[in-house]
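Grab a pencil and have the viewer open. Below are some short exercises to work through, each followed by a solution.

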Amino acid sequence: MLDQCPECGYSLRGLPADHRCPECGLPYDAESEAFRLVNPKAIYVGMIGLAGGAIPMINMVFSLGAALTRRYLVFLIALAYVGLIGGVFVYLRMLMRSRPQVAVLPRGLFVRLKRLKPEWYSWSDISNVLLNRAFKKQAVTVLFKDGRPILDLVGFFHCADDAIRMVDNVRRRLRDTVVRPSDS
Ligand SMILES: [Zn+2]
């Protein structure tokens, strides 16, 4: 059962189990389930190291002394570097606000991580889902019918039970899609 709309973040608490998001119209049912990115703040940790790189550059600006041209050059490079870090940070903030997650919904599999716009995979395009043992069983691999590359869902499951729950949920959907193709 969903407590928040995966698409727009609207709270779905207190609404019927089989309904549409009042805000964006996304259909969901009692079996719908979302798995949010575990510890999204970890993404920011890499930023600290990146930002630290600017310190020696700024240091150089002040230690170069009389060599004005070189000083300006290093200053410009440092400025560009800081600007780049700022840009990456703003992008990550936007990404985090978009609530990275995977969701099992009537329409298909909803995945939002690397891009701000979610990706949808229709149930009729998916051939199977497997528990991925390479990640302590905390990952799910999605296989497609048309031979496109497999999709590994990593970082969305707190424990193997979460991943197993998702695999079971998706397999139920796939079975239902086969039995009632007109429904999808
Ligand atoms: Zn919504």
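What follows is a set of worked exercises on a predicted model.

**Exercise 1. Getting your bearings**

Work out how many helices and strands the protein has, and in what pattern they come along the sequence.

*Solution.*
- Step 1: count the elements. The protein has four helices and nine strands.
- Step 2: read them along the sequence. The pattern is β-β-β-α-α-α-β-β-β-β-β-β-α.
- Step 3: add some overall numbers. Of the 184 residues, 18% count as buried. Among contacts with a separation of 6 or more, 45% involve residues 24 or more positions apart.

**Exercise 2. The sheet of four strands**

Find the strand order in the open sheet of four strands, and say which strands stand at the edges.

*Solution.*
- Step 1: the order is 3-4-5-6, with antiparallel pairing.
- Step 2: look for strands with a single partner. Those are strand 3 and strand 6 (119–122), so each has one side left without a neighbour in the sheet.
- Step 3: for the twist, neighbouring strands of this sheet are turned by 15 degrees against each other on average, direction ignored.
- Step 4: check the register between strand 3 (residues 33–36) and strand 4. They pair over four bridges in the antiparallel sense. E33 sits opposite V104, and R36 sits opposite Q101.
- Step 5: go on to strand 5 (residues 108–112). Five bridges join it to strand 4, and the two run antiparallel. L105 has G108 as its bridge partner, and the two strands form a hairpin with two residues between them.

**Exercise 3. Strand 4 and the core**

Explain why strand 4 (residues 101–105) can be called largely enclosed, then find what it gives to the largest nonpolar core.

*Solution.*
- Step 1: check burial. Four of the five residues of strand 4 are buried, so the rest of the structure largely encloses this strand.
- Step 2: turn to the core. The largest nonpolar core has 25 residues, and those with the most contacts inside it are F35, V102, V104, L109, V140, V142 and M166.
- Step 3: ask who contributes. Strands 3, 4, 5, 7 and 8, plus helix 4 (160–179), each supply at least two residues of this core. Strand 4 has the largest share, with four residues.
- Step 4: zoom in on F35. Leaving out residues up to four places away in sequence, F35 touches Q101, V102, F156, F157, D162 and M166.

**Exercise 4. The sheet of three strands**

Do the same for the open sheet of three strands: which strands stand at its edges, and what is the average twist?

*Solution.*
- Step 1: the order here is 7-8-9, again with antiparallel pairing.
- Step 2: strand 7 (126–132) and strand 9 (151–154) have a single partner strand each, so they stand at the edges with one side lacking a neighbour in the sheet.
- Step 3: the twist averages 20 degrees from one strand to the next.
- Step 4: strand 8 (residues 139–144) and strand 9 run antiparallel, joined by four bridges. One pair to look up is A139 with V154.

**Exercise 5. Two residues, two settings**

Decide whether S32 and V82 are buried or partly exposed, and find a residue distant in sequence for each.

*Solution.*
- Step 1: place S32. It lies in the loop between strand 2 (27–28) and strand 3.
- Step 2: count neighbours. S32 has 23 other C-beta atoms within 10 Å, and the cut-off for buried is 20 or more, so S32 is buried.
- Step 3: look at its company. Apart from neighbours within four places in sequence, S32 is in contact with L2, A103, V104, L105 and P106. V170 is 138 residues apart from S32 in sequence, and their C-alpha atoms are 9.8 Å apart.
- Step 4: now V82, which is in helix 3. V82 has 15 C-beta neighbours inside 10 Å, so V82 counts as partly exposed.
- Step 5: A51 is 31 residues apart from V82 along the chain, with 7.4 Å between their C-alpha atoms.

**Exercise 6. A check on helix 3**

Test whether the span of helix 3 (residues 68–97) agrees with its number of residues.

*Solution.*
- Step 1: at 1.5 Å a residue, its 30 residues should span 44 Å.
- Step 2: the end C-alpha atoms are 43 Å apart, which agrees.
- Step 3: look just after the helix. R99 takes a positive phi of about 55 degrees there.

Key: Residues numbered from 1 in each chain as written. Predicted model: local features only at pLDDT ≥ 70, side-chain atom pairs only at ≥ 80, totals over all residues. Buried ≥ 20, exposed ≤ 12 C-beta atoms within 10 Å, placed from the backbone. Pairing = 2+ DSSP bridges. Expected span 1.5 Å × (residues − 1). Contact = placed C-beta atoms within 7 Å. Axes fitted to C-alpha atoms, helices over the stretch in contact; angles between N-to-C directions. Core = buried A, V, L, I, M, F, W, Y, C linked by C-beta atoms within 7 Å.
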